[in-house]
Amino acid sequence: QVQLVESGGGLVQPGGSLRLSCAASGSDFSINAMGWYRRAPGKQRELVATITSGGSANYADSVKGRFTISRDNAKNTVYLQMNSLKPEDTAVYYCNANVRVVSNLRDYVYWGQGTLVTVSS
């Protein structure tokens, strides 16, 4: 079993910055791609950014140039640096990890509990 624990959400003014973290814990696993998704009030969950184990990143058009995803494989942690935040970035942000269990070579997808980001003056 793998657990993802997110941190770093909060209230920030428009134009401000926040950094989200998501740490994976457990045993007998390796992590492939990791990512961040978000769900704004009244909207469906959408992809924000993903990153492969090799460090290749992909971003939603709405966050390109403002958000940066990174990961520390030694710490099984993924980060999301969010700059130039806008009110429309307000959402619950969820961490996602594609995990392979070493003992049975099966792949699973895990989600964090979510962290709220509010952009408001």
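Q: What does buried mean here, and what do exposed and partly exposed mean?
A: Buried means a relative accessible area under 20%, exposed means over 50%, and partly exposed covers the range in between. The model to which these terms are applied is a predicted one.

Q: Why does Arg38 count as buried?
A: The relative accessibility of Arg38 is 5%. The cut-off for buried is under 20%, so Arg38 counts as buried.

Q: What makes Arg38 and Glu46 a salt bridge?
A: Their side chains meet at 2.7 Å, N to O. A salt bridge needs a side-chain nitrogen of Lys or Arg within 4 Å of a carboxyl oxygen of Asp or Glu, and the pair of Arg38 and Glu46 is therefore a salt bridge.

Q: Why is Glu46 called partly exposed?
A: Glu46 has a relative accessible area of 36%. Partly exposed lies between 20% and 50%, so the term applies to Glu46.

Q: How do you know that Arg66 and Asp89 meet in a salt bridge, and where in the chain do they lie?
A: The N to O distance between the side chains of Arg66 and Asp89 is 2.7 Å, and the limit is 4 Å. The pair links distant parts of the chain, 23 residues apart: Arg66 sits in the loop between strands E6 (57-59) and E7 (67-72), and Asp89 in the loop between strands E8 (77-82) and E9. Both Arg66 and Asp89 are buried. Arg38, Glu46, Arg66 and Asp89 are joined into one network by salt bridges that share partners.

Q: What makes Lys64 and Asp61 a salt bridge, and why is Asp61 called exposed?
A: The side chains of Lys64 and Asp61 come to 3.2 Å, N to O, which is judged against a limit of 4 Å. Asp61 has 65% relative accessibility and the threshold for exposed is over 50%, so Asp61 counts as exposed. The structure holds five salt bridges.

Q: How do you know that Glu6 has no salt bridge?
A: The nearest side chain of opposite charge, that of Arg45, is 9.2 Å away from Glu6. A salt bridge must fall within 4 Å, so buried Glu6 has none. Glu6 lies in strand E1 (residues 2-7).

Q: What does the side chain of Glu6 reach?
A: The side chain of Glu6 reaches the backbone nitrogen of Gln113 at 3.2 Å. A polar atom of the same side chain lies 2.4 Å from the backbone nitrogen of Gly114. The limit for a polar contact is 3.5 Å.

Q: Which residues line the largest pocket, and how are they classed?
A: The lining includes Arg38, Glu46, Arg66 and Asp89, and among the others are Lys43, Lys86 and Glu88. By class it has eight charged, two polar and one nonpolar residue. The volume of the largest pocket is about 160 Å³.

Q: What is the phi of Asp28, and where does Asp28 lie?
A: Asp28 is not a glycine, yet its phi is positive, about 60°. Asp28 lies in the loop between strand E3 (18-26) and strand E4 (29-39). With a relative accessible area of 36%, Asp28 is partly exposed.

Q: Why is Leu105 called exposed?
A: The relative accessible area of Leu105 is 59% and the threshold is over 50%, so Leu105 is exposed. Leu105 belongs to the loop between strand E9 (91-101) and strand E10 (106-111), and its phi, near 55°, is positive in a residue other than glycine.

Notes
Residues numbered from 1 in each chain as written. Predicted model: local features only at pLDDT ≥ 70, side-chain atom pairs only at ≥ 80, totals over all residues. Heavy atoms only, no water. 1 Å grid on protein atoms, 1.4 Å probe; cavity = no way out; pocket = protein on both sides within 12 Å on 5 of 7 lines; lining within 4 Å. Points joined across faces, edges and corners; volume = space filled by probe spheres on them. Nonpolar A, V, L, I, M, F, W, Y, C, P; charged D, E, K, R; others polar. Helix = DSSP H or I, 4+ residues; strand = E, 2+ residues; numbered from the N terminus. Buried < 20%, exposed > 50% of the residue type's maximum accessible area, 1.4 Å probe, protein only. Lys, Arg positive; Asp, Glu negative; His and termini not counted. Polar contact = N/O pair within 3.5 Å; in protein donor to acceptor, adjacent residues only side chain to side chain.
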